[in-house]
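Please work through the exercises below with the sequence and the model open side by side. Each exercise sets a task and is followed by a solution in steps.

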Amino acid sequence: KSLNSLMRSVESDKSENPRTTDLSRREMSEGEHPRLILHNFLSPAECKELEFIHKSCSTIGYRPNVFSTTLSHLIATNSPHLIIPFVSIRERLKEKIEETFGCEFELFIEFTGLISWCRGASIGWHSDDNRPYLKQRDFAAVCYLNSYEKDFKGGLFRFQSGEPATVAPSAGDVIMYTADDRNIHSVDEVCLINVASQFVSMLCKLLMELIQVTDGERLTLALWFSRDSSHDEDSKLLSRLSQCTLHGFCLPLPASTNMYWFCPHPDVLSQNIGFDICFARLHLLGFGVHSLQGEDHSTDVSEQLMGPLLIAKGGVLLTRKFANVLHALQVVQYYSWKASELETFNIENGTVEEVEAMSKPQLETLNSLKSVFLPDEKLVTTTFGYSCSNEDLKESLDLTGISLAVTSWEEYTSKLLKVLLLSLPQWKIYQTIHKVNDELSS
């Protein structure tokens, strides 16, 4: 594509910034604030698929009130096939970064991750290479998977200098910028302070609502790029993939329980403060968990979600077994993602028979687990916000539909695994994770 065509995608008012369409790649890469915003870079389908992956696989993130999903974590939890939806997107982003900033064939992907920011999450002014261990980062790309005001409040992306100064996230859009101090930015929290003036106090409150994430879950796909080949993410991922057993069907295996325990005060280590992320995400969609390990008194209560279990809703139990909570969560999130496509009204008799009323002991087990893994239900509501308000979606998801979703999820997983197995030999030869010939992946 021509540079003029590329630059027409920049987010700005052309009448106020007539130089936008006249920038050369040299000016873009060496300018005062080299950055680019492209609208609808990701399709709605791509955004939804990545959202599904994140909500079914995420762990505690690197900052308070942040959750993350990395490619290495997907491999470690026996879900390497979920790397496939990232492959084409990573390639396109890398090519666009190199094209935009005039560094074709120079860059390596240094990191890929899904990151969500929930209520109270923030980060102050910084450049993306602002630590000694981050100096290898040359460029960044942040793709938004959902939209400001529609899916969350607050969480505006701000640049300290240059235009645009503020970016309101919109699903499918991507921001690309240099990782150095020419693009210092923030998603920061403005703290209220004790002041005499009521006007200043109200202004601070308004700024907080505009800038920090105040409600909902702000979803992004973040990538960093480096010219230093020693920081190539692909080679590290291929090393991990080579150690995997990729034969047969992949059932997810949870990481250690502490990676899923969210606590609003990380410095306070208490099982009574916080919640298990996997359990909470099932709860948000209206489902409870009945562990089949309850009768085994040798099993530590914190391990109850690591083994076989059933899911329930409204006093009714689905008798189909799940290997662990991550298995159940992936199926339920897949159901939430594909609900409109699954014909839940045409269920065979055998499927209906998988649903039965809960007995009193089963109900007691369900409530007991909830008291352990979700001791503060209100905290889930305040953390995820918008996710809790979609009652229509919550009510539309039923246990009989889950039975159909299991089959569809297994087909989806098998298809991705097939693509992975066919792609891996080429990836190993070229030591890059790239989209293979369409004939191979069909």
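## Exercise 1: the surroundings of A328

Leaving out residues up to four places away in sequence, A328 touches L282, L309, I311 and F322. This model is a predicted one, and the exercise begins from that list of contacts.

Task: state in which element A328 lies, decide whether A328 is buried or exposed, and give its separation from L282 in sequence and in space.

Solution. Step one is to place the residue, and A328 is found in helix 9. Step two is to look at its accessibility: the relative accessible area of A328 is 0%, and because buried means under 20%, A328 counts as buried. Step three takes one of the contacts, L282, which lies 46 residues from A328 in sequence, while the two C-alpha atoms are 8.4 Å apart in space.

## Exercise 2: the nonpolar cores

Task: find which residues of the largest nonpolar core touch the most other members, and explain why this core lies between two domains.

Solution. Step one is to take the core as a whole: it has 91 residues, and those touching the most other members are L93, L221, I311, I402 and W427. Step two asks which element gives the largest share, and this is helix 15, with 12 residues. Step three turns to the domains: residues of this core come from both domain 1 (35–243) and domain 2 (257–414), so the core lies between them.

Step four follows one member, L93, whose contacts, once neighbours within four places in sequence are set aside, are F41, A141, C143, V174, M176, L221, L223 and F225. Step five notes that another core, of 18 residues, lies apart from the largest one, and that its members include I115, I123, V142 and F157.

## Exercise 3: a threonine in a strand

Task: describe where T220 lies and which residues T220 touches.

Solution. Step one places T220 in strand 13, which covers residues 218–226. Step two gives its relative accessible area, 5%, with which T220 is buried. Step three lists its contacts beyond residues up to four places away in sequence, namely G113, L114, I115, V142, C143, Y144 and L145.

## Exercise 4: aromatic pairs and charges over rings

Task: for two of the 18 aromatic pairs in the structure, describe the geometry and say which parts of the chain each pair ties together.

Solution. Step one takes F275 and F384, a tilted aromatic pair whose centres are 6.0 Å apart and whose planes stand at 45 degrees. F275 belongs to strand 15 (residues 275–276) and F384 to helix 12 (residues 377–384), so the pair ties together parts that are 109 residues apart in sequence. Both F275 and F384 are buried.

Step two takes Y334 and Y412, which also form a tilted pair, with 5.4 Å from centre to centre and 40 degrees between the planes. Since Y334 lies in helix 9 (residues 325–338) and Y412 in helix 15 (residues 399–430), this pair ties together parts that are 78 residues apart in sequence. Y334 is buried at a relative accessible area of 5%, and Y412 is buried at 12%. Ring pairs join Y334 and Y412 with F52 and W337 in a cluster.

Step three looks at charges: the charged end of R35 sits over the ring of F159, at 3.7 Å from its centre, while R137 lies over the face of W224, 4.0 Å from the ring centre.

## Exercise 5: cysteines and backbone details

Task: say how many disulfides a search of the whole structure finds, and why C250 forms no bond with C244.

Solution. Step one gives the count, which is 0 disulfides. Step two examines C250, whose closest cysteine sulfur is that of C244: the distance is 8.2 Å, so the two are too far apart for a bond. C250 is also buried, at 2% relative accessibility.

Task: locate the cis peptide bond, and then place N78 and E149, which have a positive phi.

Solution. Step one finds the cis peptide bond between E163 and P164, with omega about -5 degrees, and P164 lies in the loop between strand 8 (157–159) and strand 9 (166–167). Step two takes N78, which is not a glycine yet has a positive phi of about 60 degrees; N78 lies in the loop between helix 4 (71–76) and helix 5 (84–101). Step three takes E149, likewise not a glycine, with a positive phi of about 75 degrees, in the loop between strand 6 (139–144) and strand 7 (152–153). N78 is partly exposed at 23% relative accessibility, and E149 is partly exposed at 45%.

Notes: Residues numbered from 1 in each chain as written. Predicted model: local features only at pLDDT ≥ 70, side-chain atom pairs only at ≥ 80, totals over all residues. Heavy atoms only, no water. Phe/Tyr/Trp six-rings, centres within 6.5 Å; stacked < 30°, edge-to-face > 60°. Helix = DSSP H or I, 4+ residues; strand = E, 2+ residues; numbered from the N terminus. Buried < 20%, exposed > 50% of the residue type's maximum accessible area, 1.4 Å probe, protein only. Lys NZ or Arg CZ within 6 Å of the ring centre and 35° of its normal. Disulfide = S-S within 2.5 Å. Core = buried A, V, L, I, M, F, W, Y, C linked by side-chain atoms within 4.5 Å. Domains from an automatic or database assignment. Contact = heavy atoms within 4.5 Å.
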